[in-house]
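Please look over the sequence and the model shown below. The report that follows covers the chains, their contact and some of their sheets.

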Amino acid sequence: MSSSFQHVTCLGCGCACDDIVVTVENERIIRAERACPLGVAWFGDGRVPGEIRVDGHPSGLEEALDGAADLLRAARGRLLVFLGADLTCSAQRAAVGIADRLRAVTESVVSENASAGILAAQRRGRAGCTLGEIRNRADLVLFWGTDPDEQYPRFRSRFTPLSGLHLRRGHAGRSIVSVAIGTDTGPAEADLHLTLAPQEEVAALAELRARLLGRSLGDPAPWSPELAGLADRLLRAKYVALIHDGERSDQQRPPERIEALIALAQALNGPTRAALTSLRGGGNRSGVEAVLTWQTGFPFAVDFSRGAPRYQPDRRAADRLDAGALAAALVVGAPTSVPETLQRGLARIPTVVVGPRASEAPFPARVIIDTGVAGIHEPGVGYRMDDVPLPLQGVLPGPRPATETLIQLLGRLVPGRTEVRS
Amino acid sequence: MKSPERLRIVGAAVYDPLNGIQGDVRDICIEDGRIVAQVPLGTPTLNARGTIVMPGGVDIHSHVASSACNHARRLLPEEHTAEPVPAPELRDGEAPARSGTGGTLPSTFTTGYRYAGLGYTTVFDAAVAPLTARHSHEEFDDTPIVDGGFFVLLGNDEYLLRQIETGNPDRARDYAAWILGATGGYAIKVVNPGGIQAWKSGQRNLTEIDQPLGSSRVTPRAILETLTDAANSLRLPHPVHIHCNNLGVPGNARTTLQSMETLAGRRAHFTHLQFHCYGGGAGDGWSSAAQRVIEYLNANPLLSADVGQVMFGPATTISADAPIEYLLHANSGRKWTNIDVELETGCGIVPYSFQERAAVSALQWAVGLELFLLSADPWRLVLSTDHPNGGSFLSYPTLIQQLMDRDARAEQLKRVNAKLLAGSVLADGLSREYTLNEIAIVTRAGPARLLGLRHKGHLGVGADADLTFYSRERNIARMFARPRYVIKGGVLVVEEGQLRRAPAGRRLRVSPGHDTAVLRDLRRHFNAHATVAFENFPVRGLRDAPMEIG
């Protein structure tokens with residue numbers, strides 16, 4: 001007997017395609033139609049381990065929760081709560097709640113490039129849009145050092161197809177421009193290709209912006225004529241979608257880069273309309289930022305140790321761990337989403353992991369409780385990379401209770417901290 | 001100790017305008033969250049001697065729980081860093097309270113605690129893009145104590161505009177009904193009718209009420225009429241909630257009056273009216289046109305408004321009115337977030353500050369007070385600051401003081417830049433002072449009536465037991481800033497000025513019936529143009545049932 005689920009949301013990447021048809025047979029996923037290779041891999045066969053372990057030994061749930069609570073209670077010094085991937089927003093809300101109660105330092109599944117983008121947008125604001133605006137309006141799509149096909153395979157077919165509601169029909173309705181930054185290349189099918197060396201990128205963005213504003217920075221660089229042509233194209237467009245990868249790149253990127261991209265997109269809104277899209281990864285990581293923001297006022301790097309949220313984007317958990325400043329950790333969500341630098345530090349302190357495939361954590365943990373994956377086993381809400389919230393389905397039964405409930409149960413067992421003891 | 005399910009309150013002077021009670025001392029009885037006529041002997045008693053009691057405050061227009069608010073929070077780390085807010089110390093047995101941050105856009109838990117601490121028990125978010133309704137529900141779930149709801153943005157919605165273009169008002173009405181039910185919304189909101197779509201399409205804005213959108217037949221006037229009629233024929237509890245074209249622009253009173261004249265004889269609500277009451281014009285400076293607009297409102301009993309008072313100090317402008325936010329960014333040089341929302345609307349955010357020394361800020365402050373002081377009917381012109389656009393909701397007590405105390409008003413007037421106040425009736429010495437009864441109307445009874453909330457805004461039998469007790473004080477701002485007791489749904493949440501309980505609030509929403517023929521067409525529309533599946537658009541599993549309509 002097989003059963004199929006329609007309009008399933010995939011969290012394989014930040015596109016959060018919500019048109020997937022998932023077929024289930026004998027409690028396994030046997031098909032994920034319309035899903036891209038990343039999505040197919042993310043759904044897998046839907047089987048997850050359901051283990052509960054304390055100090056390496058199988059355990060009952062109650063014992064494990066007591067063990068976790070004891071471990072957190074006994075810790076002298078700051079605690080870490082890590083908000084990982086593959087959580088529903090309800091689970092994220094509960095996890096931020098326990099961090100608040102424990103006066104913990106939080107860290108979350110936000111890459112270095114992504115955090116640089118968040119900080120730049122906090123300094124300048126940003127000109128953005130939801131992805132459907134690109135689909136319906138963008139007559140010029142500029143891929144800046146990224147070809148989405150690899151990490152966001154359906155991005156182009158879903159959000160930059162040939163036609164759009166407000167576009168002229170046919171290929172002429174939308175032109176595609178690729179600017180390669182070193183080996184970070186754009187789509188091969190672009191109508192126009194430019195290439196910049198990584199060290200030229202920030203200067204080129206400044207030059208481009210100056211030209212839009214009717215100025216020149218003087219001292220023309222070799223690529224200036226090409227940029228002048230690009231500036232003209234941007235100015236002739238009705239709606240420019242500027243797209244870059246907010247997560248990864250082949251090169252080390254200077255932090256000014258994202259700020260220059262934001263400034264360019266903002267400046268374009270004087271003469272015409274434009275929006276910048278930062279491609280973001282999956283697992284409902286945009287949800288982590290949304291939840292942290294509404295509960296604390298900050299999207300990441302929130303420190304509760306003084307009894308109220310403090311923003312510490314310059315003091316990341318990996319550095320604190322290396323400095324011996326964290327006494328114990330609670331990892332909520334997929335442990336594979338913990339950055340490697342942090343995994344090394346976690347190996348040195350007592351750690352609790354509650355999340356999908358906790359028992360396969362790539363770092364040692366004293367207490368382990370496996371849960372289901374948000375959007376496969378746990379229904380709820382997840383966010384697309386453009387902060388559009390989508391429903392998540394549970395197509396298979398997973399380990400019970402759900403992550404949200406586990407965190408709430410744990411929260412009842414640990415007394416609220418009134419100060420951080422050391 | 002758990003709150004008793006029954007409570008008798010004795011000794012408070014009752015202000016219950018809907019029931020014609022103005023300061024009489026009488027008992028109030030509560031049972032299971034509602035006001036009842038009598039409770040048995042032996043019921044626990046709250047001695048409230050020396051206080052005045054009013055129904056819990058009702059905020060008809062605020063920005064507290066939306067995707068736009070969260071974009072704004074994200075933009076303001078400096079405000080949140082400057083104001084960490086520890087968790088309140090609730091009574092034993094309560095769920096753990098939460099810490100947060102303040103500023104013009106506090107975090108959600110702090111927002112709930114602060115509204116309740118101010119004696120407000122019902123709050124509406126006035127601008128939610130239907131696509132992000134799910135987000136608003138999530139935020140409200142984390143905004144304790146207050147009952148909440150939101151208005152859905154429809155005045156620039158592409159499907160709706162198409163119904164207007166093709167002359168299909170019935171389909172437009174059915175669509176509005178479907179959207180309200182699908183999103184769990186409460187009322188229809190129109191922001192800058194057609195102007196946001198113009199901004200997104202390169203036309204930049206619509207500045208005349210009969211200016212067509214692109215090459216279509218759609219005009220701001222047609223949008224206003226269609227959605228006003230839709231709301232009224234659906235018998236929604238709250239009529240269409242209108243933010244007119246040309247917000248914040250000198251000379252915009254003309255547009256505001258044209259919009260009102262268009263809808264005269266129909267039920268309609270004009271929001272943050274202060275921002276739409278300026279005289280003058282391009283090259284002609286600014287002046288107050290409050291008198292002209294309020295006289296029109298006074299004379300037209302089916303129209304209502306909230307003020308959108310400007311209060312001096314920090315603010316954050318958040319609006320679906322993205323073209324105006326762009327202008328504010330371009331003119332102020334402040335940081336700016338813009339989010340175009342597919343098929344529906346826009347969103348712009350610019351941090352701002354209203355300064356006493358700034359002539360335009362002073363004029364805006366004066367215009368708001370003129371509206372209040374020249375209003376002939378407090379039931380139809382109610383209090384708001386369009387939080388956090390004109391100022392934080394935390395400034396309501398100061399505003400109430402300026403309404404009730406002409407000396408406090410005069411003191412403030414002395415400190416402001418009077419350059420644009422020539423000919424202002426406020427500067428000429430409006431001496432009216434609001435009474436406590438009138439304050440009770442503009443802050444609770446009036447908004448509740450305009451919102452169609454029959455169980456709120458009054459203390460008659462059957463009303464929700466939402467009550468606020470103030471200790472009498474000479475300093476009115478202090479009196480209203482710190483209620484002695486607040487009861488929400490029968491639960492004593494504030495005791496002796498301290499927040500002690502934080503129950504979850506309820507969601508206020510409607511789900512009007514409609515012709516299901518619209519669904520087939522909508523599915524086609526979604527399949528062709530939306531990036532979210534039609535089936536995934538409706539928000540499901542909401543805890544509280546929709547309100548009955550009719």
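Chain A is divided into domain 1 (48–109 + 283–374 + 396–413) and domain 2 (113–279), with bounds that come from an automatic or database domain assignment. The C-alpha centres of domain 1 of chain A and domain 2 of chain A are 36 Å apart.

This is a predicted model, in which local features need pLDDT of at least 70 and side-chain atom pairs count only at pLDDT 80 or more, while totals for chains, interfaces and linings use all residues. Residues are numbered from 1 along each chain as its sequence is written, and chains are lettered from A and ligands numbered from 1 in the order in which they are written.

Chain A holds 13 helices and 20 strands; helices (H or I, at least four residues) and strands (E, at least two) are DSSP runs, numbered from the N terminus. The radius of gyration of chain A is 23 Å, close to the 22 Å that the globule rule gives for 422 residues, so chain A is as compact as a globular protein of that length. That radius is taken over C-alpha atoms, and the globule rule is 2.2 Å times the number of residues to the power 0.38. Along the principal axes, the C-alpha atoms of chain A fill a box of roughly 70 × 55 × 30 Å.

Of the 422 residues of chain A, 58% count as buried. A residue is buried if 20 or more other C-beta atoms lie within 10 Å of its own, exposed if 12 or fewer, and partly exposed in between, with C-beta atoms placed from the backbone. Among contacts in chain A with a separation of 6 or more, 66% are between residues 24 or more positions apart; two residues are in contact if their C-beta atoms, placed from the backbone, lie within 7 Å.

Between the chains, 55 residues of chain A are in contact with 47 residues of chain B. Helix 5 (residues 131–137) of chain A gives the most to the side of chain A that touches chain B, with six residues.

In chain B, nine of the nine residues of helix 1 (residues 67–75) are buried, so this helix is largely enclosed by the rest of the structure. Among them are Ser67(B), Cys69(B), His71(B) and Leu75(B).

Two sheets of chain B are open and of mixed pairing. One has four strands in the order 5-4-1-6; two strands pair if DSSP finds at least two bridges between them. Strand 5 (34–36) and strand 6 (45–47) of chain B stand at its edges, each with a single partner strand, so one side of each is left without a neighbour in the sheet. The other sheet has seven strands in the order 3-2-7-23-24-25-26, with strand 3 (21–25) and strand 26 (498–499) of chain B at the edges.

The table lists three strand pairings, one of them between the chains.

| Strands | Bridges | Direction | Residue pair |
|---|---|---|---|
| Strand 8 (residues 125–129) of chain A and strand 20 (residues 336–340) of chain B | Five bridges | parallel | Gly125(A) and Trp336(B) |
| Strand 4 (residues 28–31) of chain B and strand 5 of chain B | Three bridges | antiparallel | Cys29(B) and Val36(B) |
| Strand 7 (residues 51–55) of chain B and strand 23 (residues 467–471) of chain B | Five bridges | antiparallel | Pro55(B) and Leu467(B) |
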